[in-house]
Amino acid sequence: MKIKDRLALYFTLISTLVLLCVLFTIYFTFIKFMQSDFFDRLTDRTMVTAKLYLEADEISSDSLTRVREQYLEKLNGEVIRIYNSKNDATFIGDDQQYWNIQTIERVRRYKKARFKDGNRQVVGIYYKDNQGDFVILASAIDQSTIVRAEKLLKIMAAIFLVIFVGLLLSARWIAKKILLPLDLFIDQVKLIKSNNLHFRVKEGPNKDEIHLLAQNFNNLMEHLEQSFILQKTFVANASHELRTPITRMIIGTEIALSQDRSKEEYQKALASVLEDSEKLENIISSLLKLAQADLEYGSNNLEKVRIDEMIWSLQQEWNQKTGMNSLLVEVKDLPMDEDQLSITCNPTLLQIAIDNLISNAFKFSDHQPVKCVLDVKDDGIHIFIIDTGVGIAPADLDNIFKPFYSSSSKAEHSGSGMGLYMAHKIIMLYQGNISVKSQKHQGTTFHVHFPLF
């Protein structure tokens, strides 16, 4: 059964139960009210009877009977008895006992009594008079209430049927309308194939559970797309990057061995092989780092990291490697709230990303001093990595974050082309973004922004 059908069914069942409770409450309240009203009428009848028969001594019995019949409306199946101290029927001209001794004694004991005898309602009172002690019992059938209750029951059944059908139809319409975004989500998910992993489902304007589902699904697709991109780029580029130095090593070695050569020529050939071997080692190391980063990428080893402490730690490491004051750190107006300085992430991955940016700045500025600026604003954490190196050509700016891409024109600037790619990938993983501004021969500024959530 579909969710919309279950929701409609559950809503209808709950509403129906509530409706039944309300209708039954109304019905039984009506019955009890009418019974109580009829009991009051019978009580009034017993009191009138007591006044007429027991206190009007000078009026004859026949006259009392005529007054009673003339001014008192006779109830359906009405029976009235007055019993003397011997529990015998008296006064009203009908000496039939009707009620048994136990009932009469019960009224005499409790002074008043109200009870039902089948369809009849019975009221009894104990009345003390100068002529003696009497028990007056009156009963009748409340036929009008029975008829009204039957009509009320039929009306309620019709109302219940109409409301039930209305609830069922409206519940299905409401469920369909509420789950419409989910139907759209399912239709969009069906469109996703291995060749369009960049496709993202619409998250919708409502901040509800379906919106969260779509949002989490898009995050999952982001991870999957990154994984597929990694596989594609690895297969497409790694073989080429690995083949080039290996081919050069083989060709250089074959040329060197093709004939006898001088010591200097062998040394030159070996130096070329060593250079290609070092380049091959750098490529393999970068691929291993990338593989390690992807292992960390899928892990849940997340914790809150203070970005200022990480930057101070990186400054200490780089100044030990490259000399004092090589990495200059500037911190602007640190907030008192520690949460504004913290990023929930994998510390190892985030350090790799920032370290790669700093390393890239040192390399392309020929190891001139690099400046790192940390600024915390209302919109989040801003990190600027500023160098005074050769800069990046405008044509290369769109490609620098691609794997295995390198824009270096000098041998000392060459690399595997994986550092900026990994930095970009890690920063995007933790909901950050990275941008770059550069001019040829005037330096480069990398701007990393982590928004506050």
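In this predicted model, strands β3 (residues 112–117) and β4 run antiparallel and are joined by six bridges. A convenient landmark for lining up the two strands is Lys116, which stands opposite Gln121 in β4. Two residues lie between the strands of this hairpin, and Gly118 adopts a positive phi there, near 70°.

On the other pairing of β4, 10 bridges connect the strand to β5 (residues 132–141), again in an antiparallel arrangement. Here Tyr126 can be found opposite Val135 in β5. β4 and β5 also make a hairpin, with two residues between them. Strand β4 itself spans residues 120–129, and because eight of its 10 residues are buried, the strand is largely enclosed by the rest of the structure.

Turning to the interior, the largest nonpolar core comprises 40 residues. Ile307, Leu357, Ile383, Ile385, Phe446 and Phe450 have the most contacts inside this core. Helix α9 (residues 347–364) is the element that gives the most to it, contributing eight residues. A second core, separate from this one, has 11 residues, among them Ala89, Trp99, Phe115 and Val122.

Ile383 offers a handy point from which to explore the packing. When neighbours within four places in sequence are set aside, the contacts of Ile383 include Ile307, Ile311 and Ile354. Ile383 also touches Cys372, Val373 and Leu374, as well as Phe446, His447, Val448 and Phe450.

Helix α9 deserves a further look through one of its residues, Leu349. Leu349 has a relative accessibility of 1%, so it counts as buried, the cut-off being under 20%. Along the chain, Leu349 and Ile427 are 78 residues apart, yet their C-alpha atoms are separated by 8.9 Å.

The surface gives a contrasting view. Leu9, Tyr10, Leu13, Ile14, Val18, Val22 and Ile26 together make a nonpolar surface patch of about 630 Å². One of these patch residues, Leu9, is located in helix α1, which covers residues 3–55. Leu9 counts as partly exposed because its relative accessibility is 36%, a value that falls between the limits of 20% for buried and 50% for exposed.

Definitions and conventions
Residues are numbered from 1 along each chain as its sequence is written. This is a predicted model: local features need pLDDT of at least 70, side-chain atom pairs count only at pLDDT 80 or more; totals for chains, interfaces and linings use all residues. Side-chain values use heavy atoms; hydrogens and water are left out. A nonpolar core is a set of buried Ala, Val, Leu, Ile, Met, Phe, Trp, Tyr and Cys residues joined through side-chain atoms within 4.5 Å. Buried means under 20% relative accessible area, exposed over 50%, partly exposed in between (1.4 Å probe, protein chains only). Helices (H or I, at least four residues) and strands (E, at least two) are DSSP runs, numbered from the N terminus. Contact means heavy atoms within 4.5 Å. Patches are made of residues with over 30% relative accessible area and no salt bridge: like charges are joined within 9 Å, nonpolar side chains (Val, Leu, Ile, Met, Phe, Trp, Tyr) within 5 Å. Accessible areas come from the Shrake-Rupley method with a 1.4 Å probe; for residues, only the protein chains shown count as cover. A salt bridge is a side-chain nitrogen of Lys or Arg within 4 Å of a carboxyl oxygen of Asp or Glu. Two strands pair if DSSP finds at least two bridges between them.
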